[in-house]
Amino acid sequence: MAARLLTKTFLLPVRGRFAASVVSSPARCQSSGQPLTQEVGEELSDEAIFSHEHVELRRTLNKIIENDINPYVDEWEEAKMFPAHRVFKKLGDAGFLGVNRPPEYGGLGLDYSYNVAVAEELGNVKCGGIPMAIGVQTDMATPALARFGSDHVKKEFLAPSIAGEKVACLGVSEVGAGSDVSSIKTVAKKSGGDYIINGGKMWTTSGLQADWMCLLANTSDGPPHRNKSLICLPMDLPGIQKAKIDKIGMHSSDTAQIFLEDVRVPQSYLIGDEGMGFTYQMLQFQEERLWGAAASLLPLDNVIKETVEYTRQRKIFGQPLLNSQVVHFKLAELQAEVECLRSLVYRATGMYIQGKDVTKLASMAKLKGGRLAREVTDSCLQYWGGMGYTSEVMVSRAFRDFRLFSIGGGADEVMMSIISKYMGTLPKLKAT
């Protein structure tokens with residue numbers, strides 16, 4: 001897999017061995033209209049968590065984005081689904097679906113800072129839905145499997161997911177249990193050597209196209225934080241039904257409600273230890289939230305850049321709209337806020353690759369990213385006037401897509417509860 005990453009000039013260390021990677025020519029980012037220049041690369045390599053290898057990895061990914069994804073985004077947005085197997089196979093062949101996964105299962109064996117570099121570069125995709133689906137594959141459905149799964153389940157589910165041969169989805173949220181993970185009702189009861197699963201999952205990204213689900217289910221009647229397990233669930237089994245959910249944004253990513261009735265799955269598909277599912281899922285959330293915050297950075301940058309260009313050209317009362325102090329001051333403030341979020345993401349990533357618990361910082365990044373996504377897209381859309389209220393410009397798509405960031409993966413209010421808990425200010429609920 002490492003050798004897939006390319007064919008040209010520099011050597012990328014992969015746990016004692018080397019992966020060849022392509023140094024592509026500067027690629028033009030269609031979303032921002034700005035080329036990925038050498039100056040940009042130098043700036044990135046100055047970051048504490050990034051090196052020359054991170055920059056080259058991003059350049060390689062940018063080439064795939066501009067050649068194999070962005071030319072088709074409008075078509076996939078209209079169809080309200082992108083061809084996940086086709087796109088993931090392209091990314092898998094280049095090594096981007098297993099950047100920090102073990103080489104023995106096809107990964108590159110790099111540290112998590114490379115995942116963050118990939119997540120940030122995916123922000124150059126001209127919509128939010130496709131990067132979100134990629135993030136589910138790499139940082140939401142597979143971290144626990146890679147860390148705690150047996151060799152058997154890794155070979156059957158992790159390796160083909162890294163190769164882009166199988167599409168993964170995550171089954172946690174339910175109709176009555178979203179951010180409150182402990183309240184899920186789906187059950188998996190033992191029967192011989194199998195689990196019999198009944199229940200359902202909601203808001204399942206890639207649910208219609210997925211080959212398997214990382215499913216969280218209750219496997220005993222014990223306390224809610226110790227009675228859950230993660231199970232690899234093939235999505236073609238009898239008893240599984242799917243229904244598409246229509247959304248206001250993230251159109252190119254299919255989202256489904258999943259119904260599970262007497263679904264039989266081998267107990268060998270259990271991830272790690274039975275009863276540890278809640279803990280494993282909380283650990284997965286660290287990577288999910290860091291990934292989401294990193295993936296929001298370039299879209300916010302690009303919305304601001306596009307708005308600067310539009311307001312520079314748009315005349316009002318004989319002057320460019322950008323000349324209005326309220327406009328250029330607001331855009332300056334928004335850009336400063338994006339840089340603050342970037343610094344928070346990089347700091348949390350640096351601590352995470354040192355093995356530290358970054359739950360508080362990841363929650364802060366998720367909270368700040370969601371709030372900032374709403375502020376940037378809403379403020380910038382206002383300066384586009386009537387054009388901003390059409391479907392013809394990037395800012396309106398960003399406005400629709402990134403509203404989800406304050407909801408999915410843990411709502412803003414849940415992030416504040418987590419942060420409060422780490423600060424020691426969260427009141428303890430009295431037992432009823």
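In which helix is Val-73 found? In this predicted model, Val-73 is found in helix H3. The report below begins with the whole protein and then returns to this residue and to other selected sites.

## Overall architecture

The protein has 432 residues, and 56% of them count as buried. Its secondary structure consists of 14 helices and 14 strands. Of the contacts between residues at least 6 apart in sequence, 73% join residues at least 24 apart.

The accessible surface of the protein amounts to about 18,600 Å². Carbon and sulfur atoms account for 53% of that surface.

## Val-73 in helix H3

Val-73 has a relative accessible area of 0%, and because the cut-off for burial is under 20%, Val-73 is classed as buried. Leaving aside neighbours within four places in sequence, the residues in contact with Val-73 are Val-125, Lys-126, Cys-127, Ile-130 and Arg-397.

One of these partners, Val-125, is 52 residues away from Val-73 in sequence. In space, the C-alpha atoms of Val-73 and Val-125 are 8.1 Å apart. Val-125 and Cys-127 appear again below, in the lining of the largest cavity.

## Internal cavities

Three cavities of 30 Å³ or more are found in a search of the whole structure. The largest cavity holds about 100 Å³ of space. Its lining is made up of 14 residues, and those closest to the centre are Val-125, Cys-127, Pro-299, Met-394 and Phe-402.

Two helices, H10 (297-313) and H13 (394-401), each supply at least two residues of this lining. The largest share, four residues, comes from H13.

## Helices H4 and H5

In helix H4, which spans residues 84-93, the buried residues are Ala-84, Val-87, Phe-88, Leu-91 and Gly-92. Viewed down the axis of H4, these buried residues fall within an arc of 135 degrees, so they line one face of the helix. The elements that cover them include helix H2 (52-69), helix H3 (73-79), helix H6 (129-140) and helix H8 (151-162). Helix H3, which contains Val-73, is thus among the elements covering the buried residues of H4. Just after H4, Gly-95 adopts a positive phi of about 90 degrees.

Helix H5 covers residues 112-121 and is mostly covered, with ten of its ten residues buried. The buried residues of H5 include the aromatic positions Tyr-112 and Tyr-114 as well as Asn-115, Glu-120 and Glu-121. Also among them are Ser-113, Val-116, Ala-117, Val-118 and Ala-119.

## Ser-161 in helix H8

Ser-161 lies in helix H8, one of the helices that cover the buried residues of H4. The relative accessibility of Ser-161 is 1%, and the residue therefore counts as buried.

Not counting residues up to four places away in sequence, Ser-161 touches Leu-97, Gln-137, Thr-142, Lys-166, Ala-168 and Trp-212. Leu-97 and Ser-161 are 64 residues apart along the chain, and their C-alpha atoms are separated by 7.4 Å.

## The loop between strands E10 and E11

His-251 is located in the loop between strand E10 (240-244) and strand E11 (255-266). With a relative accessibility of 16%, His-251 counts as buried, since the class takes in values under 20%. The side chain of His-251 reaches the backbone oxygen of Ile-248 at a distance of 3.2 Å. Not counting residues up to four places away in sequence, His-251 touches Glu-77, Lys-80, Met-81, Arg-400 and Asp-401.

Met-250 lies in the loop between E10 and E11 as well. Met-250 is buried, with a relative accessible area of 7%. Although Met-250 is not a glycine, this residue has a positive phi of about 50 degrees. Asp-262, in strand E11, likewise has a positive phi of about 50 degrees without being a glycine.

Note on methods: Residues numbered from 1 in each chain as written. Predicted model: local features only at pLDDT ≥ 70, side-chain atom pairs only at ≥ 80, totals over all residues. Heavy atoms only, no water. Buried < 20%, exposed > 50% of the residue type's maximum accessible area, 1.4 Å probe, protein only. Contact = heavy atoms within 4.5 Å. Areas by Shrake-Rupley, 256 points an atom, 1.4 Å probe, with all protein chains shown as cover. Polar contact = N/O pair within 3.5 Å; in protein donor to acceptor, adjacent residues only side chain to side chain. Arc of directions from axis to C-beta. 1 Å grid on protein atoms, 1.4 Å probe; cavity = no way out; pocket = protein on both sides within 12 Å on 5 of 7 lines; lining within 4 Å. Points joined across faces, edges and corners; volume = space filled by probe spheres on them.
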